[in-house]
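Subject: Handing over the structure

Hello,

Here is the structure that I promised to pass on to you. Please have it open while you read, since the notes below go through what was found in it.

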Amino acid sequence: MPLDPVEVEYCSVCSCPLEYCANAGCERVKLEKEMGGASISAGDGGKDDAAPAMDAPAAGDGEKKKKKEKKAKGVTITRTTRNKKKTITNVAGLEHYPDVKIPECAKTLGKKFACGASVTKGPTGKDEID
């Protein structure tokens, strides 16, 4: 007598199930109360508009894009497996933020997560935290 799976809807703002938004102090609940019960479905602004634009050229008629896409500047966090149960987490892309000093950030991350953190050169020649 197995039970059927239940589809759970998650809040787009706080990523909690909708039943827990009121208890979690979600901004969506506060906004709905202020707006008189109007439902708020997506809180990511323009993120949804950018996704179809990326997929459209791939499924197009083979036309080449005239404009080159700019690579998104941001922090990239990757996790690689070293042995069977051990993993290495790499943090790259911090050079785009001039306020962040990478060696100090590595030291802070090592203390915060109780692990070893060091600054190494990545495959692109830029500093990254391992």
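Before anything else, a word on naming: helices and strands are DSSP runs, with at least four residues for a helix (H or I) and at least two for a strand (E), and they are numbered from the N terminus. With that in hand, the place of A114 can be given as the loop between α4 (102-113) and β3 (119-121). Please also keep in mind that this is a predicted model.

A114 deserves a look of its own, for this residue has a positive phi of about 55° although it is not a glycine. Its relative accessibility is 71%, and A114 therefore counts as exposed.

Stepping back to the whole protein chain, you will find four helices and four strands, and from the N terminus on their order is α-α-α-β-β-α-β-β. Of the 130 residues in the protein chain, 13% are buried. If you take the contacts between residues at least 6 apart in sequence, 20% of them join residues that are at least 24 apart. The protein chain exposes about 11,500 Å², and 54% of this area is supplied by carbon and sulfur atoms.

Towards the start of the numbering, E19 is found in the segment before α1, and with 60% relative accessibility E19 counts as exposed. E19 and V8 are eleven residues apart in sequence, while the distance between their C-alpha atoms is 9.6 Å.

Helix α2, which covers residues 27-34, has R28, V29 and E32 as its buried residues. Why can these buried residues be said to line one face of the helix? Seen down the axis of α2, they fall within an arc of 100°, and so they line one face. It may help to recall that an α-helix has 3.6 residues a turn, so residues three or four places apart point the same way. The buried residues of α2 pack against α1 (21-24), whereas E27, K33 and E34 are exposed on the other side of α2.

Next come the charged residues. How many salt bridges does the structure hold? There is one, and it is formed by D127 with K121, whose closest N and O atoms are 3.3 Å apart. The two partners can be described separately: D127 is partly exposed, at 30% relative accessibility, and K121 is exposed, with a relative accessible area of 60%.

E128, which is found in strand β4 (residues 127-129), is buried and yet has no salt bridge. For E128, the nearest side chain of opposite charge is K121, which is 11 Å away, and a salt bridge calls for a nitrogen and a carboxyl oxygen within 4 Å, so that distance rules this pair out. Leaving aside residues up to four places away in sequence, E128 touches N90, V91, A92, S118, V119, T120, G122 and P123.

Finally, there is a nonpolar patch on the surface, formed by V75, I77, Y97 and V100, which together have about 340 Å² of accessible area. One of these residues, V75, lies in the loop between α3 (47-58) and β1 (76-81), and V75 is partly exposed, with a relative accessible area of 39%.

With best wishes

Conventions
Residues are numbered from 1 along each chain as its sequence is written. This is a predicted model: local features need pLDDT of at least 70, side-chain atom pairs count only at pLDDT 80 or more; totals for chains, interfaces and linings use all residues. Side-chain values use heavy atoms; hydrogens and water are left out. Buried means under 20% relative accessible area, exposed over 50%, partly exposed in between (1.4 Å probe, protein chains only). The arc is that of the directions from the helix axis to the C-beta atoms. Contact means heavy atoms within 4.5 Å. Lys and Arg count as positive and Asp and Glu as negative; His and the chain ends are not counted. Patches are made of residues with over 30% relative accessible area and no salt bridge: like charges are joined within 9 Å, nonpolar side chains (Val, Leu, Ile, Met, Phe, Trp, Tyr) within 5 Å. Accessible areas come from the Shrake-Rupley method with a 1.4 Å probe; for residues, only the protein chains shown count as cover.
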